[in-house]
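Morning, everyone. Here is the model I promised to walk through. Have it open while I talk.

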Amino acid sequence: MGVEGIGARVARKEDKRFITGAGRYVDDMVVPGMKHAAFVRSPYAHADIRKIDVKAAQAMPGVIAVLTGRELKADGVGNLICGWMIHSKDGTPMKMGAWSPLAVDRARYVGDAVAIVVAETKGQARDAAEAVEVTYKERKAVTDAVKALGKGAPQLHPEADNNLIYDWEIGDAKATEAAIAKAAHVTRMHIVNNRLVPNAMEPRAALGHYDKAEDHYTCWTTSQNPHVARLVMSAFYNIAPENKLRVIAPDVGGGFGSKIFIYPEEIVCLWASKRAGVPVKWVADRTESFLTDAHGRDHVSEVQMAFDKNNRIIGLKVDTIANFGAYMSLFSSSVPTYLYATLLSGQYDIPAIHANVRAVYTNSAPVDAYRGAGRPEATYLLERVMETAARELGVDPAELRRVNFIRQFPHQTPVILNYDAGDYEASLDAAMKAADYAGFAKRRDKAKKAGRLRGIGLSCYIEACGLAPSAAVGSLGAGVGLWESAEVRVNAVGTIEVMTGSHSHGQGHETTFAQLVSDRFGLPVDSVNIVHGDTDKVQMGMGTYGSRSGAVGMSAIVKALDKVEAKAKKIAAHLMEADEGDIVIENGELKVAGTDKSVPWFQLALAAYTAHNLPAGMEPGLKEGAFYDPTNFTFPAGCYICEVEVDPETGRTEIVQFVAADDFGNIINPMIVEGQVHGGIAQGVGQAMLEGAHYDPASGQLLTASYMDYTMPRADDLPSFKVSTSNTPCPSNPLGIKGCGEAGAIGSPPAVINAITNAIGNNDLTMPATPQRVWAALKAATKH
């Protein structure tokens, strides 16, 4: 293959093994003596655990061990933690209830793990798990966050009175109230962001292996950040000292945020391996995933947006209640605070903003980051209100946005973030042109003649990615720094290995990271190998989430490449008896500019390792490492336009056109970026029209615990997307990258709902916009 550098549409290297079935996932891992695990899970949403009788289960065929939370605690295994400290507005710290990897005295949601069975086969383990006799005393349950705050609601944790985790605020309350008081118009809305189940293609899995001879643990797991998993399991859960614990995340079939966190199963499998004396593997079935994977979203908000007589926004007030489920997950506290409320300015120049967020425990699965993590919730709220305000004011929704756009950069918002670069009008214009926005009225009239209702909706989103300066996030409560690391090893024959702390689970790092090296040294991407996901092979890194692999992970690689290049040029200058400043690297060769002197890359690498002729005092070899700590978030932004047709007889909605115009800064591989946008939009459309996790309000049972009840988008639910990009390079990282992994899921839900509400003439529609809901909203609109 030839040189395939930055900007080339290179086919993904990793896809060959994936599409031929040669990928290696946790469920593919087999180690000598390996046994299988099944978890005993609470059938109740809220119940005291009075007694656990394991005798019958232990006597069943193939059973090796049945272990409970009391034994786990006796061995000193710690509780799960939330790693981001949030303080309430009165200064008190968040109320973190105890979350034991195996529940000891009380179960707090359906699926809460109570015991683990280890047996010869998966079937034997599951049969024995059903034979474990647990005596429960059921308590009243509450799954609705608003009701959980109410008087007399069941209390989940003694640490949190009235189930309130924190009552947090950001912005200027007085200035915002004053703006609302003097406003020419105020738009008020009740906004619900529905709960979602992530549904990665590969369910979660863990294989724990304790090697008695070495006194060493290995954990194969479906993780987006294996180093963080090792750090947390050693420092907080007391599984093993960090130097005696290896965490490996091999191929991972999707994560979407849900595989960032440490779950009970990894901890328990490692602990059970030592207790039972055998390697222990657990693989979730799909219903276990529905019950126990961290869910996403689940906000209820009251919003007031104030305008002056010129339709300029002068104030925004938001009151949000966030459902955290039964326990605080690893990053849950940051999602409705610093990942949500700090984005409430959107693309708009809003002088006064105030947001109040109350986080609440309920008897449901824990809620944490899911593709976009706070940014989709903020964008949905803001863009639904903007569209509704335009209708109330009688102005075009595009022009209301245009008049309120931020136009000067850097721009300091009232809610912490400082936007470094952007051109929001360019994205709006590109989207309107691609969507033939001006011709919509004709299409609407044509649809009306055919008995269908046609609607169009906009969404102008911005997100904060490339999470972010360690000192800054530390001051906001983050428990770890958010830098990234890289090591570039040039082998003696000139091939290159890149060790990265970023983790790939569908993003295409093996291709884009190799393109970066190809661009720098003029080598084919097949000469570059990307190594990640193994704490014994790769130095400490922070993993992949928050669209940070490009902006942060690749920036670390750039810093390491800078060091490699500098040393390579020194060696080349010495070999060719030239000035170091005259050395250039082109097409796999180091050349003396303006001459015909050159040294092939492989020969330069060999010279570094033979070390027969190096500059005086230079160490042999060609290997360099770097750590990169970003100086700011990055701020991808864009405009999405959705066009729909609604059948008024059935409420069925068809998306007839979807346009996405994004600004991701500089782009390494346009084809991979388009794939990320397509996938994100599909998930956003899923949230807007189809998906929603529902619990029975009385019993707390998850009613949508399978694909029979939880509707995922299918091919015929989606149109062919029109995607385009503009480019205002990010000034805060060496590549000018902003990030693209979450944008589609952030910008699409409000565009879809704005289009449907435009078609039916009723703003009062909540996600998912199922045919039943759309039909009911349409009928309600026709009565007025």
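Strand β1, residues 35–41, runs parallel to strand β12, residues 280–283, and 2 bridges join them. Strands here are DSSP runs of E, at least two residues long, and helices are runs of H or I, at least four long, numbered from the N terminus. Two strands pair if DSSP finds at least two bridges between them. In this pairing, Lys 35 stands opposite Val 280.

Before I go on: this is a predicted model, where local features need pLDDT of at least 70, side-chain atom pairs count only at pLDDT 80 or more, and totals for chains, interfaces and linings use all residues. Residues are numbered from 1 along each chain as its sequence is written, and side-chain values use heavy atoms, with hydrogens and water left out.

Back to β1. Its pairing with strand β5, residues 113–119, is antiparallel, over 6 bridges. There, Arg 41 faces Ala 113.

How many residues of β1 are buried? The count is 7 of the 7, so the strand is largely enclosed by the rest of the structure. Buried means under 20% relative accessible area; exposed is over 50%, and partly exposed lies in between, with a 1.4 Å probe and protein chains only. In a regular strand, side chains alternate between the two faces of the sheet. Here both faces are covered. One side has Lys 35, Ala 37, Phe 39 and Arg 41; the other has His 36, Ala 38 and Val 40.

Next, another sheet. 4 strands form an open, mixed sheet in the order β21-β20-β19-β25. Why do β21 (528–531) and β25 (623–628) each have one side without a neighbour in the sheet? They stand at the edges, each with a single partner strand, so one side of each is left free of a neighbour. β20, residues 496–500, pairs with β21 in the parallel sense over 4 bridges. Met 499 sits opposite Val 531 of β21.

Now the rings. The whole structure has 21 aromatic pairs. Rings of Phe, Tyr and Trp (its six-membered ring) pair if their centres lie within 6.5 Å; planes under 30 degrees apart are stacked, over 60 edge-to-face, the rest tilted. Tyr 109 and Tyr 327 make an edge-to-face pair, 6.2 Å centre to centre, with 75 degrees between the planes. They are 218 residues apart, so to speak of distant parts of the chain is fair. Both are buried. Tyr 348, Phe 405, Phe 409 and Tyr 424 form one aromatic cluster.
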